[in-house]
Each structure stands twice: as C-alpha cells, then as structure tokens.
Amino acid sequence: MPETRSRIARIAFYAAVILGAVIMLFPFLWTVITSITPDGSLSKGPTLFVEDPTLDAYRTLFDTLPMWRIVLNSLGVAIVSTALQLVTGSMAAYAFGRLHFPGKNIVFGAYLATLMVPLQVLVVPLFIEMRALQLQDTYFALLAPGIASAFGVFLLRQAVSAVPTELDEAAVLDGAGHLRIFATIVLPQIRPALATVAVFAFMYSWNNFLWPLVVIRSPELMTLPLGLSTLQGQFTTQWDVVMAGSVVSIVPIAMVYLLAQRHIIAGIAHTGIK
Amino acid sequence: MTQASVTETAVEPRSEATETPPPPPLRRKASKRRRRRQALWALVFLLPSAVPLVLFTITPMVSSAWVSLHEWNLISPMEWVGLDNYRNLLTDPQTGTVFLHTLMYVAGYLPLVYVGGLGLALLLNQKLKGRAFLRATYFLPVVTSWVVVALVWQWLLNPANGIVNEVLGTLGLPQPGWWTDPDWALPSVILASAWKDLGFVMVILLAGLQAIPSDYYEAARVDGASAWQRFYRITLPLLSPSTFFVVVISLINGFQVFDQVYVMTGGGPSGASQVVVGQIYDLTFRYGRAAEASALSWILFVVLLVVTVIQIRVQRKWVHYA
C-alpha cells in the first residue's frame, strides 16, 4: 500500500491479508489433519497436533473403493474431453471465422442457442437418451456431453477472427489448402484462447458431479466426485475416511493447478475482461 | 463452467466476426466452384462439433420438451397430457418453495462472494511481498470440486464435533446445528459455496482493477480526493463491467445450484434446503416422475432466460465501459 503512511493502516492491511490466507487455507489443512487422525480420537474433539498420526483412513478408503481406478477415470475423462473440445472447437471456429458458406449465421445462432441450455436442464432427457441407446453406465456416456462445447467454439471463433488473413493468402499462393492453413497458420496463432478453453474444459469435467451421478452405477467407472459422494453414505461418522478421500481427490488437481497456475488464472481473468 | 458462456455473449455483444472480404469477381464460374468447395470444407470443419451437439444437446432439448407434455414414469408408455404437468407444477406449493430456496441461496451467496472477492482483489492489487503466492492460495478452492468442498465444510460445520462449533463453544458463542438444522441448512451451503468461489470472483475483479488506468487515481489525488472518494468515484464505476460479469455468472450458476446442496444436506432436513435442480433430480430418480421433472427443467430454463435478459437490459443503467 504505497500511499498508506500510517503504521496502523499497514498493520491492518497485513492482518487482512493473513486472515484471508488463513480462511482460504485452513479447511485444506484441516482436511489433511483429520485424514491422519486415528478414528478413535476424532470423537473426542478436534486437535491441531495429531499425537499418533496414522494412514488407516487411507487403507480403509482404498479397500472400500477402487480409488486408483477412480482417479485414473477422472483424469482420463478430463483429458480426453479437453482434447476433444479443443479439436472440435477449433475446427468449428475455423469454419465460422474463416470460411464462407450459406446459412452461416443461422448455424452459428444454433450453436449459441445450445449455450443457453445448461447441462442441469438436460440431465433427465440425456439420461433417457443414453438409456434408450443402452449406453448408460459406460465411459462413452460419461464423455458424451463433453465432446463439443459451444462455449469453446464461441471463444475460439473470436480468436480465429483476430488472426490476420494476409498470412493465409501467402499460404494459398504456395498452394496450401484449408487443412494446412488451419493447422499451420491459424492454430499456432490462437494458442492463448486454446489454453483458456482447455482450462475450462478440464475443470468442468474434473468437477462434474450431476451427470456422472445420473449415468454411472459401477464403481469401476466412477469419477472422483461421484466416488467420494458414495463414501458419505457408507461412513457417515468416519470423517477420517471421508477426509482421506477428499485429500486423494484434491492432490491431483492441486498438482495440475500448481503447474498451470499462471495459465489458469490468466484464462479466467481473460474471459472476465472481454 | 459451460454456464459461464451465456454471459460471455451477454457481457459485450460483439460485432459479427470481421469477415474476410468476398473474393473479387474475377471469373464467375471459377468463383462459384470455389464457393461450393468452401462450403464443403465448412461442412468438414463443422461436423465434428455439430454431430455431438445435435445428439447430446439439441436432441435431449427437443425430447424433453416432448416428454414434458406427457405423463411418464420412465417405464410405462407415455401418455399425452398437454400442459397438465406445467399446470400442476405451477400450482404446487413445493415448486414455489424450491424456487424460493434457490433465490435465498443466490441472495445470500452473491453479496458474500462479491464483497469478499472485492476485498481480496483490493488487497492483492497493492504492492506486497508474496502476492503471487497469496493469489494462488486464494484461488485453490476454485479448482477443488464441489463435492470435496461440500464434504470438507460438512465436517468443519459438524454440529457434534466440528472445529467451527468447537471454536464457537470456546468463545462462549452459540453453536448452531448448521446443516442439520432446518434454519441453518441453507446458510451452511451458502458459506461453503462462497468460500469456494471467492478466488474466482477475486481473479475476475483483480483483472478489472488492473485495467483501470493509474492516471485517474493520480489526477484524483492531485484534486485532493480521499481514499474513499477514489474508491467510490473511480474504482467502483470503472470496475462495473467486471462486476456485471460476476453478477451474471453468479446468478446463472446460482439458479442451477445442486452439487453442494445434494452432498451437504440432500435438500434436507425435511426439505428445508431443497433447490430447483435438486427437485428435478428427486422427481426423476426418486419418484419416477420424469415428465414433471422435464417440465420443471423448462420452467427453470425460462427463468434463467428471463433473468439473463433482465440483466442485459438493466446493465445499460449501471455498467460503464471505459
């Protein structure tokens, strides 16, 4: 606070910063602490310093649920759906941003219309559709709503439109077709937008709960949020196990987050300003 | 996060894409063939996204409208009932209740997350050591899934031996029953939700703050404006586009709240925190009233649409684009 001269204001400022950090971090810390507290001591009331830390809760967790499988499912579905959205989205963006075809505005309008309908509203009919196709409780069903996103198309189209067309013209003179212009000229130019879409797609898939809850039954196909939610019923009072599950599901995303932190925050800030 | 997109469109109605100018009419035949070829290529580029969107968004949209006009329990054959489902829902007090709970959720969540997020953004907009670290810390809950957040807060707010009540007890303060108490169930969910989204709002507002040119502040300071005046007259108005974005997203997401309610309270105790999407879920998968659930989905959709349109309308009155 450069303009703050008074000492009190500075102290208050740092107190607020620290208070903020404590409020934001403490629940995570508490989750870890609980997960290593022996089950018996939990009922006696919480303590910050665990006297006899144990990994029993994690053992119970991995005995109850196919946790490795569930973590891999979550990662796999998130990665595949992100990749698919980037491919389908950037291709559509190229069509809307670069090509001329009859009915372009109508088609684009239809894409935008699908944006207005959140998955929450579609869950019931989508479930019925999957059941009719006998696809419920499969990886495909898990992925289906995440293959293409109009949101991604929309963001990417803005980026494609901003790429100067002079570059293509030079390539056309060299005899390049649309596929080559798309892959070698446009795609490298829209990397920041691709990163933003990737962040949203990944986080959306990773955190998605309602759709897996509706369409998945087998534990082997569950994603983390769904797997965790089933713990709740089985271990109503065993908070150490539930918290161990929470830790296991936080760690992978926290690692992704720490690695890609800049891109993630920039991506979200970017959608806000625009 | 797909929901975010709706606002994307809303925030700044962008002009149509800068279209590439049509090719000069050199030889008509050649250009016609070229146009046909380009349309074919457009088809190739569009199909990978169009097919899944038609199959997994548009088809269910249409089929749910169709289902909502029938009586159907997911098993027996459908029976045409016209608008009966809508009529029943609109006269059923339960519908009003779940919408009221949803509204209460939004009304509690939005001020909390906005004021908190703005506070954090203002703090982090100052020069201070470890700013990147703090920003990362504040943001961590955003990448955590709703289910985890709900479980963790259920434990923090556990009436029996949760840490929050332990602390309140030590301080001699009353210890609410939190998510086990009908009066406290929604507030508990609101608290957890605001905590999760604070970092998101902070990042959006921080970006907005950093876009405000610093000359404005310097000019104001030269004119002798106090810190409060600078905040009220410069920061808030110039932040209004970001604020608008946050409000629209929060409203849209807020009306669709489900995950954290389902995990923390299951809509209980005795329906005290049942929200619209929870009702849709229960109608379908608990009571087998899929047709009514579809009708309720459409009512929710219309409400969302109306809220968004009102937002865009009212926007002109209070959002200043620099």
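This report describes two interfaces in a predicted model: one between chains A and B, and one between two domains of chain A.

Residues are numbered from 1 along each chain as its sequence is written, and chains are lettered from A and ligands numbered from 1 in the order in which they are written. In this predicted model, local features need pLDDT of at least 70, side-chain atom pairs count only at pLDDT 80 or more, and totals for chains, interfaces and linings use all residues, while side-chain values use heavy atoms and leave out hydrogens and water.

## Chain A against chain B

How many residues does each chain bring to the contact? Chain A brings 100 residues and chain B brings 95 residues. Contact here means heavy atoms within 4.5 Å.

The size of an interface is often given as the accessible area lost when the parts come together. Between chain A and chain B, the buried area is about 9,500 Å². Carbon and sulfur atoms give 74% of that area. Buried area is the accessible area (1.4 Å probe) that two parts lose on being put together, summed over both. On the chain A side, A:M24, A:H100 and A:W239 supply 8% of the area buried against chain B, more than any other three residues.

Helix α14 (residues 239–273) of chain A gives the largest share of the side that touches chain B, with 17 residues. Helices are DSSP runs (H or I, at least four residues), numbered from the N terminus.

## Domain 1 against domain 2

Chain A splits into domain 1 (7–54) and domain 2 (57–273). These bounds come from an automatic or database domain assignment. The C-alpha centres of the two domains lie 33 Å apart.

Nine residues of domain 1 of chain A are in contact with 10 residues of domain 2 of chain A. Which three residues supply the most of the area that domain 1 of chain A buries against domain 2 of chain A? They are A:T31, A:S35 and A:D39, with 56%. Two helices of chain A, α1 (7–36) and α2 (39–42), each supply at least two residues of the domain 1 side. The largest share, six residues, comes from α1(A).

## The two interfaces in a table

A salt bridge is a side-chain nitrogen of Lys or Arg within 4 Å of a carboxyl oxygen of Asp or Glu.

| Interface | Buried area | Carbon and sulfur share | Salt bridges |
|---|---|---|---|
| Chain A and chain B | about 9,500 Å² | 74% | zero salt bridges |
| Domain 1 and domain 2 of chain A | about 710 Å² | 69% | zero salt bridges |
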